[in-house]
Amino acid sequence: MATRQELNSERDPEHPDYRPWPALWALVLGFFMILVDQTIVSVATPAIMDGLGADVNEVVWVTSAYLLAFAVPVLITGRLGDRVGPKNVYLVGLTVFTLASLWCGLTTTIDQLIIARVVQGLGASMMTPQTMAVITRLFPANQRGKAMSLWGATAGVAVLVGPILGGVLVDGLGWEWIFLINVPVGVVGFVLAWRLVPKLPTHVHRFDLLGVALSAIGMFLLVFGIQEGEEYDWGTITGPISVWSLIATGLVVIGLFIAWQAVNKNEPLLPLALFRDRNFSLANVAITTVGFAVTSLGFPLMLYAQAVRGLSPTESALLLVPMAVISGVLAPFVGRLTDRVHPRYVAGVGLLALPISLAWLSMAMEPNAPIWHLLLPIAGLGVANGFMWAPLGSTATRNLPMHQAGAGAGVYNATRQIGAVLGSASIAALMQARLTAELPAAGGGAGASEAGVSKLPEFLHDGFSQAMADSLLLPAGVIVIGLVAVLCFARPKNLG
């Protein structure tokens, strides 16, 4: 923890009233709530399926819709923070997120829940870029590692608190309370941010509405095609519209979005000039794969734990304790290393540990495997989490000029969320495909979910376990791309 002298030395001499650490702590509460909300849903997946009569694909849409609504506007909300102030945008986003959480908790159908999650995602998209923008604008470059270590520790603790809190709430009060718990936390977070976050200087920006439309349409078509592909047997959806035509159209529209960003002479939504910085580009590739892996790994693990092992939501969440504890313990240490050691080595440890641990966990997920066989690779996931977040975040933003802090934070968070939504969609499609292959007599994924995963017959345990284990190999493979990216990092400027 920083001393009083360090805190004073880190204040902006032109604005001595700025207090970076209290401001960061206030924003971290909201960031923590967003992360908890993402991890809390995975452990409640079986309960939502049973409570609302949803199948695997529908309940994954609860997460995918949230992530999609989070990812698309985050580019413009980062820019909005530059224009009207990160504090103002954060407070509006927190209000939207809190009210949408209340709506989620009061829904009675899966369709209503998905719509409410879209609104919740919009609120989260306004909040997240402001956290990184404040770190970039309040802390000097050679001190951002400490701030990023708090950011990384928050992610690690959220990994623990989210599933365990979710398990306790689902077991004791019902799945609705995983959303209703956000209401009092949101009120406290609003008061703290209102009092402790300073009003930072703003910059005039134009808004690329065409860019927003192209990115939203392209991402929706791509995600819908991937996630619904198995539902339509990767063929015709209706009339001339097929799964592959949706995916292809989505890729074309995303290509048009990138082309528009290149020729837009005003102020593009995605400032391609940022990618001239080698480390910024590589960090964005890496965080995309991290978002993909971290989001997707929870679904097969929690479904296996509850459907095959018969664990309660709380007991399932306790499986993640080694990961969260190790990640939280490592985060401050890694934060200090981030300001002194080449990020290639620090982040490389994390992105090497992640695919190894996922492959190990996949091999361990057998119907009657001793629990400690699962806990060892899960502990490896903790090492991966501890070494990933701080070096990737600080390396991405270290060389950015102050006037592009919001844009850079927006791009970084957008790529992370794009990875997350693609991971959510892809793991849903793969789980359904593997369930169909492994449980043909039960009708695949649909047959398994019709009986409710909490009532899965024992004769289906082998096939269900194999389907979930196979699904974990997808994030393991994707994260290797991120590992290659971080190994190509250049030595950053101002490295202590």
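A residue counts as buried when its relative accessible area is under 20%. In this predicted model, Arg117 comes in at 0%, so it is buried. Asp37 is also at 0% and therefore falls on the buried side of that cut-off too. These two residues pair up in a salt bridge, with 2.5 Å between the closest N and O atoms. The contact ties together distant parts of the chain: Arg117 belongs to helix α6 (residues 110–138) and Asp37 to helix α2 (residues 20–52), with their positions 80 residues apart in sequence.

Side chains of opposite charge can pair when their charged atoms come close. A search of the whole structure turns up three salt bridges. Besides the Arg117 pair, there is one between Glu438 and Arg434, where the closest N and O atoms sit 2.8 Å apart. Both residues are in helix α17, four residues apart, or about one turn of the helix. Arg434 also meets Asp470 in a salt bridge, at 3.1 Å from N to O. That second contact reaches from helix α17 over to helix α19 (residues 461–487), linking parts of the chain 36 residues apart. Through shared partners, Arg434, Glu438 and Asp470 end up in one network. As for solvent, Glu438 is partly exposed at 28% relative accessibility, and Arg434 is partly exposed at 23%.

Helix α17 turns up again in the largest pocket, where it supplies the largest share of the lining, five residues. This pocket has a volume of about 420 Å³. It is lined by 22 residues, and the ones closest to its centre are Ile254, Phe257, Leu270, Thr415 and Ile418. Elements giving two or more residues to the lining are α10 (209–228), α11 (243–263), α12 (278–308) and α17 (405–438). By residue type, the lining splits into 17 nonpolar and five polar residues, with no charged ones.

On the surface, Trp360, Met363, Trp372 and Leu376 make up a nonpolar patch, together offering about 490 Å² of accessible area. Helices α15 (343–364) and α16 (371–397) each give two or more residues to this patch. Trp360 is found in α15 and, at 40% relative accessibility, counts as partly exposed.

One more spot concerns a loop. Glu176 lies between α7 (144–172) and α8 (177–180) and is partly exposed, at 25% relative accessible area. Although Glu176 and Gly51 are 125 residues apart in sequence, their C-alpha atoms are 9.8 Å apart in space.

Note on methods. Residues numbered from 1 in each chain as written. Predicted model: local features only at pLDDT ≥ 70, side-chain atom pairs only at ≥ 80, totals over all residues. Heavy atoms only, no water. Patch = residues over 30% accessible without salt bridge, like charges linked within 9 Å, V, L, I, M, F, W, Y side chains within 5 Å. Areas by Shrake-Rupley, 256 points an atom, 1.4 Å probe, with all protein chains shown as cover. Salt bridge = Lys/Arg side-chain N within 4 Å of Asp/Glu carboxyl O. Buried < 20%, exposed > 50% of the residue type's maximum accessible area, 1.4 Å probe, protein only. 1 Å grid on protein atoms, 1.4 Å probe; cavity = no way out; pocket = protein on both sides within 12 Å on 5 of 7 lines; lining within 4 Å. Points joined across faces, edges and corners; volume = space filled by probe spheres on them. Nonpolar A, V, L, I, M, F, W, Y, C, P; charged D, E, K, R; others polar.
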